[in-house]
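This briefing introduces one protein model to a reader who is new to structural description. Please look at the sequence and the structure together, and then follow the points below topic by topic.

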Amino acid sequence: MPEVLGKKINTQEEVHETCNENSVMKAISVLKSLNDKFINDKLKKRPLLDETSESPVFLQVTLKKIPQKQLQMIKIHLPHSLITSTSEVCLITGDLEKRNLKAEIEPVILHYKDLLKKHGVTKVTEVIPLRQLRTEYKTFESRRHLVGAYDVFLADKKIACYLPKLLGKTFFQKRKFPIQINMKAVNLKDQIEKALSQAEFSLACRGSSFAFEVARLSMENNDILENIMASVKLLADKLPGKWDNIFGIYIKTARSKAIPIYISFGNPNDVTVKKVRENEIVEAEELSTFPNKRVKVYRSGRVIVV
């Protein structure tokens with residue numbers, strides 16, 4: 001039988017017990033030790049190399065059954081924000097003069113910076129209007145430079161429908177697709193603070209494994225632990241098939257191998273994943289594509305204006 005953090009697993013009941021705070025804390029210690037060894041080895045080869053312990057910690061999950069015809073955006077509130085005093089946050093906004101193709105970009109940037117200042121928001125580093133995104137970031141190279149320039153991206157939810165095409169696959173690959181916020185909210189600062197304290201990822205039916213950032217190695221062990229446990233608790237409820245559909249849970253960095261904190265030996269045939277009918281109507285979350293109109297949103301992604 002396989003082992004989880006050195007403990008032999010013989011029964012399904014024992015498996016559930018492995019995903020507890022003690023086993024996760026051991027995994028965190030192992031992960032930090034591996035990262036320290038990696039940095040020391042690098043410094044021996046290149047003494048002038050500037051290595052830090054700011055590496056992201058990813059929670060990797062594998063499923064027994066892949067959801068069919070279902071695209072689900074899952075948001076997880078983290079007890080401890082991933083944003084630090086040195087984090088770079090970029091806000092993507094709409095344009096003030098949508099129909100004027102020759103409108104200047106600078107007034108838009110100043111408008112939104114003043115709005116952020118009015119609400120006491122200090123964690124946003126840069127503002128990029130939609131027109132600037134369209135004109136200055138057309139090429140793959142420019143988008144790759146953009147995604148690497150900032151740690152987190154936020155976006156006004158009213159322009160969210162344009163972003164997948166404008167940003168391209170680079171943002172998905174780097175797991176930095178913008179988090180949606182309502183720029184017209186009365187409590188804008190609270191909205192931004194909440195957005196910067198959450199993990200967000202899209203669950204698609206393209207594979208059985210996915211990963212998202214839950215912490216940074218520079219954080220205290222207890223803070224990393226609380227973020228991981230909060231994520232696992234929500235995933236067990238939100239994933240199709242819930243806890244029974246989880247085959248394995250791991251933590252890793254971009255450089256390390258995945259360290260298991262939970263492995264299931266349950267039969268995939270025993271997992272029940274609700275089959276979603278294509279014509280089933282669901283509640284639209286943060287839909288702004290059709291303002292002032294009633295729409296029907298189907299599980300298949302089809303939207304019909306009433």
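Tyr150 counts as buried, at 14% relative accessibility. The model is a predicted one, and Tyr150 offers a starting point for its aromatic contacts, since Tyr150 and Phe153 form an aromatic pair. The protein has 306 residues, and buried residues make up 42% of them. Its secondary structure comes to 9 helices and 15 strands. Among the contacts with a separation of 6 or more, 71% are between residues 24 or more positions apart.

**Aromatic residues**

- A search of the whole structure finds 3 aromatic pairs.
- The pair of Tyr150 and Phe153 is edge-to-face, with 5.7 Å from centre to centre and 75° between the planes.
- Phe153 is buried because its relative accessibility is 2%, which falls under the 20% limit for a buried residue.
- Another pair joins Trp243 and Tyr262; this pair is tilted, with 4.6 Å centre to centre and 50° between the planes.
- The pair of Trp243 and Tyr262 links distant parts of the chain, as the two residues are 19 residues apart.
- Trp243 belongs to the loop between helix 9 (221–238) and strand 11 (246–252), whereas Tyr262 belongs to strand 12 (residues 259–263).
- Trp243 is buried, with a relative accessible area of 18%, and Tyr262 is also buried, with a value of 1%.
- One aromatic cluster is formed by Tyr150, Phe153 and Phe171.
- Arg134 places its charged end over the ring of Tyr162, at 5.3 Å from the ring centre.

**Phe172 and its surroundings**

- Phe172 is located in helix 7 (residues 169–173).
- Phe172 is partly exposed, because its relative accessible area is 43% and the partly exposed class lies between 20% and 50%.
- Phe172 and Phe201 are 29 residues apart along the chain, and their C-alpha atoms are separated by 9.3 Å.

**The antiparallel sheet**

- In general, the strands of a sheet pair through backbone hydrogen bonds, either parallel or antiparallel.
- One open sheet has 4 strands in the order 10-3-11-12, and its pairing is antiparallel.
- Strand 10 (209–216) and strand 12 stand at the edges of this sheet; each has a single partner strand, so one side of each lacks a neighbour in the sheet.
- From one strand to the next, the twist of this sheet averages 20°.
- Strand 3 (residues 56–63) is joined to strand 11 by 6 bridges, and the two strands run antiparallel.
- Within these strands, Thr62 stands opposite Gly248 in strand 11.
- Strand 3 is also joined to strand 10, by 7 bridges and again in antiparallel fashion.
- Pro56 stands opposite Arg216 in strand 10.
- Is strand 10 largely enclosed or largely open? Strand 10 is largely enclosed by the rest of the structure, because 6 of its 8 residues are buried.
- Helix 9 lies across strand 3, strand 10, strand 11 and strand 12, and it runs at about 150° to strand 10.

**The parallel sheet**

- Another open sheet of 4 strands has the order 6-5-7-8, with parallel pairing.
- Its edge strands are strand 6 (126–129) and strand 8 (179–181), each of which pairs on one side only.
- The twist of this sheet averages 30° from one strand to the next.
- Strand 7 (residues 152–156) and strand 8 run parallel and are joined by 3 bridges.
- Asp156 has Ile181 in strand 8 as its bridge partner.
- Helix 3 (residues 106–118) lies across strand 5 (89–93) and strand 6, running at about 135° to strand 6.

**Cysteine residues**

- A disulfide is a covalent bond between the sulfur atoms of two cysteines.
- How many disulfides does the structure hold? The structure holds 0 disulfides.
- Cys90 is buried, with a relative accessibility of 0%.
- Cys161 is partly exposed, with a relative accessible area of 40%.

How values were computed
Residues are numbered from 1 along each chain as its sequence is written. This is a predicted model: local features need pLDDT of at least 70, side-chain atom pairs count only at pLDDT 80 or more; totals for chains, interfaces and linings use all residues. Side-chain values use heavy atoms; hydrogens and water are left out. Rings of Phe, Tyr and Trp (its six-membered ring) pair if their centres lie within 6.5 Å; planes under 30 degrees apart count as stacked, over 60 as edge-to-face and the rest as tilted. Buried means under 20% relative accessible area, exposed over 50%, partly exposed in between (1.4 Å probe, protein chains only). A charge sits over a ring if NZ of Lys or CZ of Arg is within 6 Å of the ring centre and within 35 degrees of the ring normal. Two strands pair if DSSP finds at least two bridges between them. Axes are lines fitted to C-alpha atoms, for helices over the stretch in contact, and angles run from 0 to 180 degrees between N-to-C directions. Contact means heavy atoms within 4.5 Å. A disulfide is a pair of cysteine sulfur atoms within 2.5 Å.
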